[in-house]
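The exercises below are meant to be worked through with the sequence and the model side by side. Try each task before reading the solution that follows.

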Amino acid sequence: MFDSIGSLRMRAHSERRVELDLARTTQLAGWAMLLIGLYLTLQAWPVSRYLVVITAGLALFGALLASLRRRLTFDRGDGVLRIEQRVLGFTSRAVVPLFHLRAVVIAAQPARDSIFGPTRFVAYVDKRVGGMIPLDESRRCASLLRMGEAIAEVAELRLEYDATATRAAAD
C-alpha cells in the first residue's frame, strides 16, 4: 500500500541519459499528513497540550515528506552521475564520474518479522571505492529490474541480479 512513497521513478530515458525522480505520491502523502496534522493540532489544543506535541509532530513529518526531492541523472555524454537531494529547502548535490561505479545491483532481502510482509528487493549502484548509492526498494522486482537495466545500459555498468533470499544471509 505504501510501497510507492519514497520510490524513484524513471522520468526520462534515452540511449545516452536516464533521469530518476521521486514518485509524486511522496509529496502527496506529505501534504496529506501535513494538513491532517495541522487539523488535529487545532482540535487538540483545547483538550491537552500533550496531544498538541504528538499532532504537531505528525504535521512536521508531513512537511518533511512534502518538501522531499531526489533526482539522479545518469549521463553518458558527460560521463557522470548527478545526485540532487532537497529536504525542507536544504539542497545537497554530488557528481560522481561513471568510471567510479562498478555495477547496478538488485538483490532480495529476507523478511525479518516485519510488517511489510515477505521478501523485499533492493536496488543500488555499487561503487568501486566506498559505499553504495541506494536507488529504491520494493516488494516486487519487476520495476527495479527495468530501472536497473536502463541504468546499466546508459552507464555501461554490469547488472547483478540476485533473487535468492536466504535466512542464513540475514543472520
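**Exercise 1. Find the partner of Glu19 in a salt bridge, and decide whether each of the two residues is buried, partly exposed or exposed.**

Solution. Begin with the atoms of this predicted model: the closest N and O atoms of Glu19 and Arg17 are 2.9 Å apart, and the two residues form a salt bridge. The cut-off for such a pair is 4 Å between a side-chain nitrogen of Lys or Arg and a carboxyl oxygen of Asp or Glu. In general terms, side chains of opposite charge can pair when their charged atoms come close. Next, turn to accessibility, where buried means under 20% relative accessible area and exposed means over 50%. Glu19 has a relative accessible area of 11% and is therefore buried, whereas Arg17, at 32%, counts as partly exposed.

**Exercise 2. Which residues form salt bridges with Arg82, and which network do these residues belong to?**

Solution. Take the partners of Arg82 one by one. With Asp78, the closest N and O atoms are 2.8 Å apart, and with Asp75 they are 3.7 Å apart. The accessibility of two of these residues can then be added: Arg82 is partly exposed because its relative accessibility is 33%, while Asp75, with a relative accessible area of 8%, is buried. Finally, widen the view to the network of salt bridges, which links Arg11, Arg17, Glu19, Asp21, Arg71, Asp75, Asp78 and Arg82, and thus takes in the pair from the previous exercise, Glu19 and Arg17. For the whole model, the count of salt bridges comes to 13.

**Exercise 3. Check whether the end-to-end distance of helix α2 agrees with its number of residues, and describe what its buried residues pack against.**

Solution. Helix α2 covers residues 49–67, which makes 19 residues. The expected span is 1.5 Å times one less than the number of residues, so α2 should span 27 Å, and its end C-alpha atoms are indeed 27 Å apart. At the start of the helix, a side-chain oxygen of Ser48 comes to within 3.2 Å of the backbone nitrogen of Tyr50. The next step is to list the buried residues of α2, namely Val52, Thr55, Ala59, Gly62, Leu65, Ala66 and Ser67. Their spacing can be read with a general rule in mind: an α-helix has 3.6 residues a turn, so residues three or four places apart point the same way. The buried residues of α2 pack against α1 (24–44), β3 (69–75) and β4 (80–87).

**Exercise 4. Is Val53 of helix α2 buried or exposed, and what part does Leu58 play in a nonpolar surface patch?**

Solution. Val53 lies in α2 and has a relative accessible area of 58%, so Val53 is exposed. The C-alpha atom of Val53 is separated by 8.0 Å from that of Thr41, although the two residues are 12 residues apart along the chain. Leu58 also belongs to α2, but at 31% relative accessibility it counts as partly exposed. Together with Ile36, Tyr39 and Leu40, Leu58 makes a nonpolar surface patch of about 360 Å². The largest share of this patch, 3 residues, comes from α1.

**Exercise 5. Where in the chain do Leu88 and Glu156 lie, and what are their phi values?**

Solution. The background needed here is that most residues other than glycine have a negative phi. Leu88 is not a glycine, yet its phi is positive, at about 50°; its place is in the loop between β4 and β5 (90–97), and Leu88 is partly exposed, with a relative accessible area of 43%. Glu156, again not a glycine, has a positive phi of about 55°. Glu156 sits in the loop between α3 (142–155) and β9 (158–162), and with a relative accessible area of 60% it is exposed.

**Exercise 6. How many helices and strands does the protein chain have, and in what order do they follow one another?**

Solution. The secondary structure comes to 4 helices and 9 strands. Read along the sequence, these elements give the pattern β-β-α-α-β-β-β-β-β-β-α-β-α. As a last step, consider the chain as a whole, in which 37% of the 171 residues count as buried.

Methods. Residues are numbered from 1 along each chain as its sequence is written. This is a predicted model: local features need pLDDT of at least 70, side-chain atom pairs count only at pLDDT 80 or more; totals for chains, interfaces and linings use all residues. Side-chain values use heavy atoms; hydrogens and water are left out. Helices (H or I, at least four residues) and strands (E, at least two) are DSSP runs, numbered from the N terminus. Buried means under 20% relative accessible area, exposed over 50%, partly exposed in between (1.4 Å probe, protein chains only). Contact means heavy atoms within 4.5 Å. A polar contact is a pair of N or O atoms within 3.5 Å; within protein, one must be able to donate a hydrogen and the other to accept it, and residues adjacent in sequence count only if both atoms are side-chain atoms. Patches are made of residues with over 30% relative accessible area and no salt bridge: like charges are joined within 9 Å, nonpolar side chains (Val, Leu, Ile, Met, Phe, Trp, Tyr) within 5 Å. Accessible areas come from the Shrake-Rupley method with a 1.4 Å probe; for residues, only the protein chains shown count as cover.
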